[in-house]
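Biologist: Please take a close look at one central strand of this model and its surroundings. Which neighbours does it have, and how does it fit into the rest of the fold?

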Amino acid sequence: QVQLVESGGGLVQAGGSLRLSCAASGRTFSSYTMGWFRQAPGKEREFVAAITRSGGSTYYADSVKVRFTISRDNAKNTVYLQMNSLKPEDTAVYYCAADSRFGNYGSSYYQRQEVYDYWGQGTQVTVSS
């Protein structure tokens with residue numbers, strides 16, 4: 001079992017940056033592939049980025065590629081999402097999630113919400129124009 005707590009959200013102007021953090025409880029953080037998802041008002045939750053257990057592979061939604069960077073520090077049980085050049089359409093609640101399955105199943109797999117076993121409560125990101 002792992003508990004996930006997101007932080008770092010807030011209000012930022014378009015073009016600005018934010019760094020989200022997701023702290024995980026437990027001693028087995030390095031055994032989870034981690035993902036970030038977001039849900040805008042009135043829309044379905046969507047994939048943003050994922051990073052494999054060692055950090056060797058990362059995957060991004062086309063809409064955030066180049067602007068966002070996912071990383072992790074297994075010694076600190078934390079995964080990060082650095083968000084640059086933010087746009088109003090990035091406004092959403094951002095969630096981190098953990099997938100406990102062994103192995104790397106590739107980009108298409110990690111974009112699916114149902115593969116993740118644990119979810120955080122989310123942090124609000126609002127980008128003003």
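Modeller: Strands are DSSP runs of E with at least two residues, numbered from the N terminus, and two strands pair if DSSP finds at least two bridges between them. The model is predicted: local features need pLDDT of at least 70, side-chain atom pairs count only at pLDDT 80 or more, and totals for chains, interfaces and linings use all residues. Residues are numbered from 1 along each chain as its sequence is written, and side-chain values use heavy atoms, with hydrogens and water left out.

The part chosen is strand 5, which comprises residues 46–51. On one side, strand 5 pairs with strand 4 (residues 33–39) in the antiparallel sense, over five bridges. Met 34 has Ile 51 of strand 5 as its bridge partner. The two strands form a hairpin with six residues between them, and in this turn Gly 42 has a positive phi of about 75°. Strand 5 also pairs with strand 6 (residues 58–60), again in the antiparallel sense, over three bridges. Here Tyr 59 of strand 6 stands opposite Ala 50. Strands 5 and 6 likewise form a hairpin with six residues between them, and the turn contains Gly 55, whose positive phi is about 85°.

Strand 5 is mostly covered, with five of its six residues buried; buried means under 20% relative accessible area, exposed over 50%, and partly exposed in between (1.4 Å probe, protein chains only). Phe 47 lies in this strand and is buried, with a relative accessible area of 7%. Its contacts (heavy atoms within 4.5 Å), not counting residues up to four places away in sequence, include Trp 36, Phe 37, Tyr 59, Tyr 60, Tyr 110 and Tyr 116. The C-alpha atom of Phe 47 is separated by 15 Å from that of Val 125, a residue 78 places away along the chain.

Met 34, the partner of Ile 51, leads from strand 5 to the core. With the same sequence exclusion of up to four places, Met 34 touches Ala 49, Ala 50 and Ile 51, and also, among others, Leu 4, Cys 22, Val 79 and Tyr 116. The largest nonpolar core (buried Ala, Val, Leu, Ile, Met, Phe, Trp, Tyr and Cys residues joined through side-chain atoms within 4.5 Å) has 39 residues, and Met 34, Trp 36, Leu 81, Met 83 and Tyr 94 touch the most other members.

Cys 22, touched by Met 34, brings in the disulfide (cysteine sulfur atoms within 2.5 Å), of which the structure holds one. Its partner is Cys 96, and the sulfur atoms are 1.9 Å apart. The pair links distant parts of the chain, with Cys 22 in strand 3 (residues 18–24) and Cys 96 in strand 9 (residues 92–99), 74 residues apart. The torsion about the S-S bond is about 45°, so this disulfide is right-handed. Both Cys 22 and Cys 96 are buried.

Strand 3 belongs to an open sheet of four strands in the order 1-3-8-7, with antiparallel pairing. Strand 1 (4–7) and strand 7 (68–73) stand at its edges with a single partner strand each, so one side of each lacks a neighbour in the sheet. Strand 3 pairs with strand 8 (residues 78–83) over six bridges in the antiparallel sense, and Ala 23 stands opposite Thr 78.
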